[in-house]
Protein chains: 2
Amino acid sequence: MTIRDIAKVVGVTPTTVSNVINGNYNKVSQKTIDKVNKVIEESGYIPNKNARALANNSSKIIGVIFPKTKEGFMQNPFHAQILTGIEKVISAKEYYLMIKSIEKYEDIYQLMQNWSVDGFIILSLIGYQLPKLEKFKNVPVVFIDTYYEELKYINIGSDDYGGEYKAANHLLKMGHESIGFISYHIDYPSVISMRLNGFKDALENKGIPFDYSKDVLEIEEFDAHDEECVNRILDFAKNKTGICISADILAIEIVEVLKDNGYIIPDDMSIIGFDNVYLSRYANPKLTTINQDIIAKGNIAAENLINMIEKNYSKEPNIKIQTDLVIRDSVKKLV
Amino acid sequence: MTIRDIAKVVGVTPTTVSNVINGNYNKVSQKTIDKVNKVIEESGYIPNKNARALANNSSKIIGVIFPKTKEGFMQNPFHAQILTGIEKVISAKEYYLMIKSIEKYEDIYQLMQNWSVDGFIILSLIGYQLPKLEKFKNVPVVFIDTYYEELKYINIGSDDYGGEYKAANHLLKMGHESIGFISYHIDYPSVISMRLNGFKDALENKGIPFDYSKDVLEIEEFDAHDEECVNRILDFAKNKTGICISADILAIEIVEVLKDNGYIIPDDMSIIGFDNVYLSRYANPKLTTINQDIIAKGNIAAENLINMIEKNYSKEPNIKIQTDLVIRDSVKKLV
DNA sequence: CTGAAAGCGCTTACAG
DNA sequence: CTGAAAGCGCTTACAG
């Protein structure tokens with residue numbers, strides 16, 4: 001079934017059928033429109049998108065790029081929630097969703113040209129990996145959680161700085177004075193480094209000096225079965241009463257490690273996460289954390305991208321979702 | 001940059017360039033191959049996939065179809081894990097991944113023809129929704145978790161019957177005699193109905209009569225804030241000491257409801273889930289459940305599909321992943 | 001309002 | 001080993 005077949009049946013030319021399909025109604029008589037539509041209906045004709053994309057140089061495909069992670073790309077609940085948000089608006093607007101997890105950013109170009117992808121959403125790219133910007137000139141791109149000074153593109157981020165500031169401040173208010181910050185590997189600039197800044201400033205604003213070497217623990221690869229990794233955490237915890245952890249998923253793992261080693265949470269150690277991943281509400285104890293509306297973030301990213309694609313218009317270059325403290329059961333008030 | 005541009009630079013014809021790109025080396029001299037490759041390299045040429053798909057009627061796209069759920073398609077950790085498994089092999093084999101969540105199965109046809117999708121993986125389709133089978137004749141399809149008598153396609157499932165049998169049996173062995181089964185809406189046949197069968201047979205094999213009206217609770221829509229929903233669960237729990245729940249995500253919610261209403265788990269009520277979603281290991285108490293290797297399921301589905309696409313060969317029509325009891329902390333031994 | 005024709009960028013028999 | 005040509009199924013100026 002092609003456009004030509006339809007044309008033959010109706011007794012008209014492919015041009016006309018194409019015009020009907022594309023809603024160029026000012027170019028076709030109502031009578032013809034009806035006839036064509038009827039045949040399309042009856043025959044169950046479905047246009048070939050590849051041909052259309054080839055002729056149009058536009059595909060209605062939106063590519064979503066995830067960083068490749070060791071656990072597997074959707075094992076990260078943050079990724080899963082973002083994708084949920086993106087998918088919802090993409091499918092509502094009748095775009096198609098192509099997904100790729102990449103190791104090096106050059107892989108994006110391929111996908112870009114390959115399919116005449118109409119636009120991209122790129123997640124958590126570390127600044128220094130950002131490809132030379134000119135390359136993106138022709139394709140609308142929306143970044144999520146990307147910090148980069150020269151970023152001229154739309155970025156949908158969160159108030160990472162303010163969020164972690166609130167987290168540390170909460171610990172401080174609850175009477176904790178020796179507190180630390182644990183994170184996966186910290187890139188600069190990045191979501192994590194911004195959170196660290198918030199942590200640091202909260203301390204200093206209370207007149208508590210910040211000492212990176214004592215107050216921050218970077219964990220390159222968390223592994224609950226790796227003795228050295230566990231010992232580093234235990235060592236780090238020793239002289240502290242509270243810890244801010246840069247992501248809920250890591251926080252939950254660390255809570256388990258501490259519990260396994262005799263800590264009672266929050267009695268012996270107070271913990272605050274970040275992200276308010278849906279898992280955190282079921283953890284034991286329920287995790288006090290910083291909420292960001294991850295699904296909204298996905299929605300906003302997709303909406304902005306589609307606006308760019310369709311109207312060549314874009315709101316602000318930098319949108320920041322607010323972040324709020326969610327108090328649950330993992331922080332204890334010290335007297 | 002097109003194949004023609006490359007051809008011009010090399011001083012050769014598009015046919016030859018195409019032959020080099022496609023590895024038809026027996027049709028081109030080594031000298032030409034080298035020259036062409038050099039120019040391709042230098043120019044950063046990337047073939048247009050749409051054109052190729054149009055000419056080939058094959059796209060290297062694999063479509064993955066999820067049922068549309070209220071929470072959002074990736075909010076379901078089972079979906080997320082399956083997708084992780086699928087993505088891993090698809091990207092390793094250099095296919096592209098297109099994702100769609102659908103409400104009605106007819107939407108599949110669209111996607112199918114639209115992009116000359118090379119194959120489909122379809123998740124959790126309920127048997128009676130299965131489209132007329134002839135329609136799939138030309139496109140390889142692998143189903144996941146689909147039960148259907150006349151299913152002539154490959155299905156990657158789990159031993160749902162055996163798994164739930166083990167679950168119920170475990171409760172029985174631990175001294176529980178009045179036990180129940182809770183599930184979302186039950187379709188027939190389906191993953192859930194098979195699990196229910198396993199539950200039922202475990203009971204009957206111990207000489208305990210099974211009474212659907214008393215032993216099974218179907219929850220159409222779980223909502224912890226809906227009083228009626230909560231009351232139904234509390235009512236159901238009243239005269240029981242243990243409950244098998246057909247999915248971990250539901251089990252975890254129900255545990256919360258019970259705890260909120262004064263139950264201590266497992267002292268007052270023993271709970272077994274199903275799926276061993278990664279969340280279940282962090283729940284409070286840690287959830288005893290039935291494990292299935294969800295990522296492996298995704299891997300196997302993708303591998304089989306690609307085999308079908310490339311070699312027109314397929315293993316068995318029906319592959320069942322094994323399911324095993326994972327004992328954690330949500331079941332109590334009765335004396 | 002309708003149609004003939006060229007073009008999108010590739011592939012693939014076929015001839016030489 | 002190389003190339004000319006037709007075709008994949010659509011779109012889009014352009015002419016009438």
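What follows is a chat about a predicted model in which two protein chains meet each other and a DNA strand.

Trainee: Let's start with the DNA; which residues come nearest to strand C?

Mentor: In this predicted model, 23 residues lie around DNA strand C, and those that come nearest are A:Thr15, A:Lys27, B:Ile3, B:Ser18 and B:Tyr45. Of the atoms of DNA strand C that come within 4 Å of the protein, sugar and phosphate account for 67%.

Trainee: And what does A:Thr15 sit across from on the strand?

Mentor: An N or O atom in the side chain of A:Thr15 is 2.6 Å from a base nitrogen of DNA strand C. A:Ala55 also faces a base, but with its backbone, where an N or O atom lies 3.4 Å from a base oxygen of the strand. With B:Ser18, the partner is a phosphate oxygen of DNA strand C, 2.6 Å from an N or O atom in the side chain.

Trainee: Which elements give two or more residues to that surface?

Mentor: They are helix H2 (14–21) and helix H4 (49–56) of chain A, together with helix H2 (14–21) and helix H4 (49–56) of chain B. H4(B) gives the most, with four residues.

Trainee: How do the residues near strand C divide by character?

Mentor: The surface near DNA strand C has nine nonpolar, 12 polar and two charged residues.

Trainee: Switching topic, how is chain B related to chain A?

Mentor: A turn of 180° with a shift of 0.0 Å along the axis lays chain B on chain A with an RMSD of 0.0 Å, and that is the relation of a two-fold axis.

Trainee: Why do you say the copies meet through the same surface?

Mentor: Because 100% of the interface residues of chain B are also interface residues in chain A. In this interface 47 residues of chain B are in contact with 47 residues of chain A, and the area buried between the two chains is about 4300 Å², with carbon and sulfur atoms giving 58% of it.

Trainee: How many salt bridges are found across it?

Mentor: The rule finds two salt bridges across the interface of chain B and chain A, and one of them joins the side chains of A:Lys286 and B:Glu256 at 3.1 Å, N to O.

Trainee: Which elements of chain B give two or more residues to that side?

Mentor: On the side of chain B that touches chain A, these are H4, helix H5 (77–92), strand S2 (96–102), helix H6 (106–114) and helix H11 (248–260), and the largest share, seven residues, comes from H5(B). The residues of this side divide into 24 nonpolar, 14 polar and nine charged.

Terms used:
Residues are numbered from 1 along each chain as its sequence is written. Chains are lettered from A and ligands numbered from 1 in the order in which they are written. This is a predicted model: local features need pLDDT of at least 70, side-chain atom pairs count only at pLDDT 80 or more; totals for chains, interfaces and linings use all residues. Side-chain values use heavy atoms; hydrogens and water are left out. A residue is near a molecule or strand if one of its heavy atoms lies within 4 Å of it. A polar contact is a pair of N or O atoms within 3.5 Å; within protein, one must be able to donate a hydrogen and the other to accept it, and residues adjacent in sequence count only if both atoms are side-chain atoms. Ala, Val, Leu, Ile, Met, Phe, Trp, Tyr, Cys and Pro count as nonpolar, Asp, Glu, Lys and Arg as charged, and the others, Gly among them, as polar. Copies are superposed by least squares on the C-alpha atoms of residues with pLDDT of at least 70 in both. Contact means heavy atoms within 4.5 Å. Buried area is the accessible area (1.4 Å probe) that two parts lose on being put together, summed over both. A salt bridge is a side-chain nitrogen of Lys or Arg within 4 Å of a carboxyl oxygen of Asp or Glu.
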